[in-house]
Amino acid sequence: MATNRTFTMIKPDAVEKNYIGGILDKINAAGFRIVAMKYTKLSKVEAGAFYEVHSERPFYRELVDYMSNGPIVAAILEKENAVEDFRTLIGATNPAEAAEGTIRKLYAESISANAVHGSDSDDNAAIEGNFFFSSLERF
Ligand code: CMP
């Protein structure tokens, strides 16, 4: 059963360019409620653990280096059909293929520096949200 929650990160490239406000605006306008949020920075070990599922992929090292390179915003978002609707809102992983009006089309620069992360399933949304937030940090 769908949980209606997803997990997102605003990645270091978008934070660096002062896109946090613009991205949160799009998220709110699309009807997502913020359940939890923090501004933080991942160590290499933490970024490696978060993206462990990609550890055999050729881009893993680049991804871990990049994601531990600067601060990020992590958040749990709530809405009906949250996982799928959020992936529609952010657009394709590669911004060159992202639809007009999507967050990645507007704010991403490349496939590795692609502005935002969005969970790909309800199970991963729960795992990823638990990676960053305790039960005391969700409202
Ligand atoms: P994200 O949604 O955070 O999930 C995994 C990330 O791996 C993805 O966004 C991209 O930033 C990154 N990624 C996926 N494919 C590639 C690739 N071919 N080269 C570099 N990074 C990639």
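This section describes the ligand site, the salt bridges and several individual residues of a predicted model.

In this predicted model, local features require a pLDDT of at least 70 and side-chain atom pairs count only at pLDDT 80 or more, whereas totals for chains, interfaces and linings use all residues. Residues are numbered from 1 along each chain as its sequence is written, and side-chain values use heavy atoms, with hydrogens and water left out.

The ligand sits in the largest pocket. A pocket is here an open set of points, on a 1 Å grid over the protein atoms alone, where a 1.4 Å probe fits and with protein on both sides within 12 Å along at least five of seven lines, and a molecule is taken to sit in a pocket if more than half of its atoms lie within 2 Å of the grid points of that pocket. The residues that surround the ligand, each with a heavy atom within 4 Å of it, include K11, Y51, H54, F59, L63 and T93, and also among them are R104, I111, S112, N114 and H117. Oxygen atoms of the ligand are approached by polar atoms of the protein: the side chain of K11 places an N or O atom 2.7 Å from a ligand oxygen, and a polar side-chain atom of Y51 lies 2.7 Å from an oxygen of the ligand. In the case of I111, a polar backbone atom is found 2.8 Å from a ligand oxygen. Taken alone, the ligand exposes 460 Å², of which the protein buries 81%; accessible areas come from the Shrake-Rupley method with a 1.4 Å probe, and for residues only the protein chains shown count as cover.

A search of the whole structure finds 7 salt bridges, a salt bridge being a side-chain nitrogen of Lys or Arg within 4 Å of a carboxyl oxygen of Asp or Glu. One of these joins K38 and E137, whose closest N and O atoms are 3.2 Å apart. K38 belongs to strand β2 (residues 33–40) and E137 to the segment after α7 (122–132), so this pair ties together parts that are 99 residues apart in sequence; helices (H or I, at least four residues) and strands (E, at least two) are DSSP runs, numbered from the N terminus. Both partners count as partly exposed, K38 at 24% relative accessibility and E137 at 31%, where buried means under 20% relative accessible area, exposed over 50%, and partly exposed in between (1.4 Å probe, protein chains only).

A further salt bridge is formed by K44 and D65, with the closest N and O atoms 3.1 Å apart. This pair links distant parts of the chain, K44 being in helix α3 (residues 44–50) and D65 in helix α4 (residues 60–67), 21 residues apart. K44 is partly exposed at 49% relative accessibility, and D65 is partly exposed at 32%. The side chains of E100 and K105 also meet in a salt bridge, at 3.8 Å from N to O; E100 is exposed, at 66% relative accessibility, while K105 is partly exposed, with a relative accessible area of 35%. In addition, R5, R33 and E78 are joined into one network by salt bridges that share partners.

Backbone geometry draws attention to two asparagines. Most residues other than glycine have a negative phi. N18, although not a glycine, has a positive phi of about 65 degrees; N18 lies in the loop between α1 (12–16) and α2 (20–29) and is exposed, with a relative accessible area of 70%. N81 likewise is not a glycine and has a positive phi, of about 55 degrees; this residue is located in the loop between β3 (72–78) and α5 (82–90) and is partly exposed at 32% relative accessibility.

Several buried residues complete the description. S119, in the loop between β4 (116–118) and α7, is buried with a relative accessible area of 0%, and the side chain of S119 is joined to that of E128 by a polar contact of 2.7 Å. A polar contact is a pair of N or O atoms within 3.5 Å; within protein, one must be able to donate a hydrogen and the other to accept it, and residues adjacent in sequence count only if both atoms are side-chain atoms. I103, in helix α6 (residues 103–107), is buried at 0% relative accessible area. A115, placed in the loop between α6 and β4, is buried at 0% relative accessibility, and its C-alpha atom is separated by 9.5 Å from that of K105, 10 residues apart along the chain.

Key. On a 1 Å grid over the protein atoms alone, a cavity is a set of points where a 1.4 Å probe fits but cannot get out, and a pocket is an open set with protein on both sides within 12 Å along at least five of seven lines; lining residues have an atom within 4 Å of a point.
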